[in-house]
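I set down here, in order, what I looked up in this structure. The entries begin with the chain and end with its loops.

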Amino acid sequence: MLRRVVDSAVVHPGHGSRRASRPSSPRYVGAKHAIGCASGTDALVLSLHALSVRGGDEIVTTPFSFFASASCAALLGATPVFVDIEPGTFNIDAAKIEDAITPKTKAIVPVHLFGQCADDGRDSRDRRALAESP
Ligand SMILES: Cc1ncc(COP(=O)(O)O)c(C=O)c1O
């Protein structure tokens, strides 16, 4: 099977690579839909593409990460906006995310490092939105 996929130069479910892409099936990740990607960088770029990110948009992320966390934004003409990290976890500091959000913000790429889930600030924003609703 591997020879067939390499010779075809196509890695896509339905071109003989179905078995290789099974770990990214929706059921495996518990999602409604899933797309197997060749790399983490591809996954980030595709995700921002799906959100129609383009020039003039801003992507909030952490400076303490692999280059792709910022380059995925730059590749689409968007501007990465860095938020400082927490000293205890080295993950993005959720308390500082809100200050970085502008009308141009299209997405937050929080990055989970060293097996610790980063707080992307959603909880605090959700709580405030609830408090402000009539
Ligand atoms: C946080 C993070 N994002 C993205 C990537 C990119 O992954 P890949 O090398 O598969 O493109 C890496 C790779 O180390 C990473 O650590």
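Among contacts in the chain between residues at least 6 apart in sequence, what percentage join residues at least 24 apart? I found that 41% do.

**Entry 1: the chain.** The model is a predicted one, so I checked the confidence before reading any detail. Mean pLDDT for the chain is 83, and 78% of the residues reach 70 or more. Among the elements, S2 has the highest mean pLDDT, at 98, and helix H6 (residues 122–132) the lowest, at 55. Where pLDDT is low, the predicted coordinates should not be read in detail. I counted six helices and three strands, and from the N terminus they follow the order α-α-α-β-α-β-α-β-α. The chain has 134 residues, of which 16% count as buried.

**Entry 2: helix H4.** I next asked which residues of H4 (residues 68–75) are buried. They are Ser 69, Ala 70, Cys 72 and Ala 73. Viewed down the axis of H4, these buried residues fall within an arc of 155°, and therefore they line one face of the helix. The general geometry is familiar: an α-helix has 3.6 residues a turn, so residues three or four places apart point the same way. I then looked for what covers the buried residues of H4, and the cover includes helix H3 (40–50) together with strands S1 (58–61), S2 (79–82) and S3 (105–109). Just after H4, I noted that Gly 77 takes a positive phi of about 85°.

**Entry 3: the nonpolar core.** The largest nonpolar core has 15 residues, and those that touch the most other members are Leu 48, Val 53, Ile 59, Val 60, Ala 73 and Ile 97. H3, S1, H4 and S3 are the elements that give two or more residues to this core. H4 supplies the largest share, three residues. In soluble globular proteins, nonpolar side chains tend to be buried together. I followed Val 53 further: leaving aside residues up to four places away in sequence, Val 53 touches Leu 48, Ile 59, Ala 73, Leu 76, Ala 78, Lys 106 and Ala 107.

**Entry 4: the ligand.** Which residues surround the ligand? I listed Ser 39, Gly 40, Thr 41, Ser 65, Phe 66, Ala 68, Ser 69 and Val 111. By class, this shell holds five polar, three nonpolar and no charged residues. H3 and H4 each contribute at least two residues to the shell. Ser 69 thus appears twice in my notes, because this residue is among the buried residues of H4 and is also part of the ligand's surroundings.**Entry 5: loops.** Phe 90 lies in the loop between S2 and helix H5 (94–100). Phe 90 has a positive phi of about 70° although it is not a glycine. Is Phe 90 buried or partly exposed? With 15 other C-beta atoms within 10 Å, Phe 90 is partly exposed.

In the loop between S3 and H6 I looked up Phe 114 and Gly 115. Phe 114, a residue other than glycine, has a positive phi near 55°. I recorded Phe 114 as exposed, with 7 other C-beta atoms within 10 Å. Gly 115 is exposed as well, with 5 other C-beta atoms within 10 Å. Finally, I noted that 9.9 Å separates the C-alpha atoms of Gly 115 and Thr 89, which are 26 residues apart along the chain.

How values were computed: Residues numbered from 1 in each chain as written. Predicted model: local features only at pLDDT ≥ 70, side-chain atom pairs only at ≥ 80, totals over all residues. Buried ≥ 20, exposed ≤ 12 C-beta atoms within 10 Å, placed from the backbone. Helix = DSSP H or I, 4+ residues; strand = E, 2+ residues; numbered from the N terminus. Arc of directions from axis to C-beta. Contact = placed C-beta atoms within 7 Å. Near = placed C-beta within 6 Å. Nonpolar A, V, L, I, M, F, W, Y, C, P; charged D, E, K, R; others polar. Core = buried A, V, L, I, M, F, W, Y, C linked by C-beta atoms within 7 Å. pLDDT = per-residue confidence, 0-100.
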